[in-house]
Amino acid sequence: QVQLVEAGGGLVQTGGSLRLSCTASGLSSRNYAMGWFRQAPGKERVLVATMAWSGDASYYGDSAQGRFTVSRDNAMNTVYLRMDDLEPEDTAVYYCAASRGRGTGPILKLPSVYDYWGQGTQVTVSS
């Protein structure tokens, strides 16, 4: 049974930082693209950042570019999201996701190509 377990969410002030982690079990992350999406109340789920299985390609959503960094440790079956300079608009539930067999191209930006999802972790940025 595949499980993705997120950790590291919480409450932070504007301008602060957080690091999220997602550890996978039941799969070998070296075969999967792994990334992060977020969903705010009343809005659709959108890409934050994702990284191809090889680590050679990564993609960021517009709001994450320049502030967030995705990384992965395949030996630990874990993907990370470092978030700096957080803004109230970053408040959302952040979901980890894993996708197999989609290559390394920009198709990885699409939530629909992800096979497994975590339960989500809440990030709240206060003004």
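These are my notebook entries on the salt bridges, one buried serine and one sheet of this structure, which is a predicted model.

**Entry 1: salt bridges**

I began with the charged side chains and found that the structure holds four salt bridges. I followed up three of these pairs, starting with Arg38 and Asp90, whose closest N and O atoms are 2.9 Å apart. Arg38 lies in strand 4 (residues 32-39) and Asp90 in the loop between strand 8 (78-83) and strand 9 (92-100), so this salt bridge ties together parts that are 52 residues apart in sequence.

I then looked up how far each partner is covered. Arg38 has a relative accessibility of 11% and counts as buried, and Asp90, with a relative accessible area of 1%, is buried as well.

Next I asked which other side chain meets Asp90 in a salt bridge. The partner is Arg67, with an N to O distance of 2.8 Å. This pair, too, links distant parts of the chain, since Asp90 is in the loop between strand 8 and strand 9 while Arg67 is in the loop between strand 6 (58-60) and strand 7 (68-73), 23 residues apart. Both Asp90 and Arg67 are buried. I therefore noted Arg38, Arg67 and Asp90 together as a network of salt bridges, with Asp90 buried at 1% because buried means under 20% relative accessible area.

**Entry 2: Arg82 and Asp84**

I turned to another pair, Arg82 and Asp84, whose side chains meet in a salt bridge at 2.9 Å, N to O. Are these two residues buried or partly exposed? Arg82 counts as partly exposed at 39% relative accessibility, and Asp84 is likewise partly exposed, with a relative accessible area of 27%.

**Entry 3: Ser29**

I looked up Ser29 and placed this residue in the loop between strand 3 (18-25) and strand 4. At 0% relative accessibility, Ser29 counts as buried. I then asked which side chain makes a polar contact with the side chain of Ser29. That side chain belongs to Asn74, at a distance of 3.2 Å. When I left aside the neighbours within four places in sequence, I found Ser29 in contact with Met34, Arg72, Asn74, Asn77 and Thr78, so that Asn74 appears both in this list and as the partner in the polar contact.

**Entry 4: the sheet**

I traced an open sheet of four strands in the order 1-3-8-7, with antiparallel pairing. Strand 1 and strand 7 are the edge strands, each of which pairs on one side only. Neighbouring strands of this sheet are turned against each other by 15° on average, direction ignored.

Taking the pairings one at a time, I noted that strand 1 and strand 3 run antiparallel and are joined by five bridges, with Gln3 standing opposite Ser25 in strand 3. Strand 3 is in turn joined to strand 8 by six bridges, again antiparallel, and here Thr23 stands opposite Thr78 in strand 8. Thr78 was already in my notes as one of the residues in contact with Ser29.

**Entry 5: the two faces of strand 1**

Last, I asked which residues of strand 1 (residues 3-7) make up the covered face and which the uncovered one. Leu4 and Glu6 form the covered face, whereas Gln3, Val5 and Ala7 form the uncovered one. I set beside this the general point that in a regular strand the side chains alternate between the two faces of the sheet.

Key: Residues are numbered from 1 along each chain as its sequence is written. This is a predicted model: local features need pLDDT of at least 70, side-chain atom pairs count only at pLDDT 80 or more; totals for chains, interfaces and linings use all residues. Side-chain values use heavy atoms; hydrogens and water are left out. Buried means under 20% relative accessible area, exposed over 50%, partly exposed in between (1.4 Å probe, protein chains only). A polar contact is a pair of N or O atoms within 3.5 Å; within protein, one must be able to donate a hydrogen and the other to accept it, and residues adjacent in sequence count only if both atoms are side-chain atoms. Contact means heavy atoms within 4.5 Å. Two strands pair if DSSP finds at least two bridges between them. Axes are lines fitted to C-alpha atoms, for helices over the stretch in contact, and angles run from 0 to 180 degrees between N-to-C directions.
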